[in-house]
Amino acid sequence: TGKAVSAGAAEGSRKRARDSQFALPTAAEQDHLRQARSLFASNLLKLEIDELLDQVRVIPSPAQGESLRATLFKIKECLENAKPIAQVSAAKARVSLVDWAPDKPVTLD
């Protein structure tokens, strides 16, 4: 009977070991898996964005660069030479997009 008890105990310990392999993950293991999945997703997103940027990045020719520079300086000059206007409250400055039409001037009451 001693052998039967030890054989049953051995089988029980093997069954527990097998069951522990397929047991539900603990809270700490779930947290670790969640962090790994998040890290993978963020790294994958970064790689995808880098790839997209490489595909759409425009390297201007010297002529295009000079044209862009001239346009930006014109905008800067217009902003610097703009006449100051009186402050308007945020409530008055809001214009409903439903009421707005491109050909209709915006008036502040």
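These legends accompany an overview and several close-up views of a predicted model.

**View 1. The overall chain is all helix in its listed elements, with 4 helices and 0 strands.** Along the sequence the pattern reads α-α-α-α. Helices (H or I, at least four residues) and strands (E, at least two) are DSSP runs, numbered from the N terminus. Of the 109 residues, 0% count as buried. The classes are buried, under 20% relative accessible area; exposed, over 50%; and partly exposed, in between (1.4 Å probe, protein chains only). The chain exposes about 10,600 Å². Carbon and sulfur atoms supply 62% of that area. Accessible areas come from the Shrake-Rupley method with a 1.4 Å probe, and for residues only the protein chains shown count as cover.

**View 2. Confidence varies among the helices.** pLDDT is the predictor's confidence in each residue, from 0 to 100. The chain mean is 77, and 66% of residues reach 70 or more. Helix H1 (residues 2–21) has the lowest mean among the elements, 60. H3 has the highest, 91. Residues are numbered from 1 along each chain as its sequence is written. Local features need pLDDT of at least 70 and side-chain atom pairs 80 or more, while totals for chains, interfaces and linings use all residues, and side-chain values use heavy atoms, without hydrogens and water.

**View 3. A nonpolar surface patch is formed by Leu45, Ile49, Leu53 and Val56.** Together they have about 350 Å² of accessible area. Patches take residues with over 30% relative accessible area and no salt bridge; like charges are joined within 9 Å, nonpolar side chains (Val, Leu, Ile, Met, Phe, Trp, Tyr) within 5 Å. Leu53 sits in helix H2 (residues 27–56). Its relative accessible area is 38%, so Leu53 is partly exposed.

**View 4. Arg34 pairs with Asp31 in a salt bridge.** The closest N and O atoms are 3.8 Å apart. A salt bridge is a side-chain nitrogen of Lys or Arg within 4 Å of a carboxyl oxygen of Asp or Glu. The whole structure holds 4 salt bridges. Arg34 and Asp31 lie 3 residues apart in helix H2, so about one helical turn separates them. Arg34 is partly exposed at 46% relative accessibility. Asp31 is partly exposed too, at 36%.

**View 5. Arg57 and Asp54 form another salt bridge.** Here the closest N and O atoms are 3.3 Å apart. Both residues, Arg57 and Asp54, are exposed.

**View 6. Lys76 and Glu80 are bridged in helix H3 (residues 62–81).** Their closest N and O atoms are 3.2 Å apart. The two residues are 4 apart in the helix, so about one helical turn lies between them. Lys76 counts as partly exposed, at 43% relative accessibility. Glu80 counts as exposed, at 53%.
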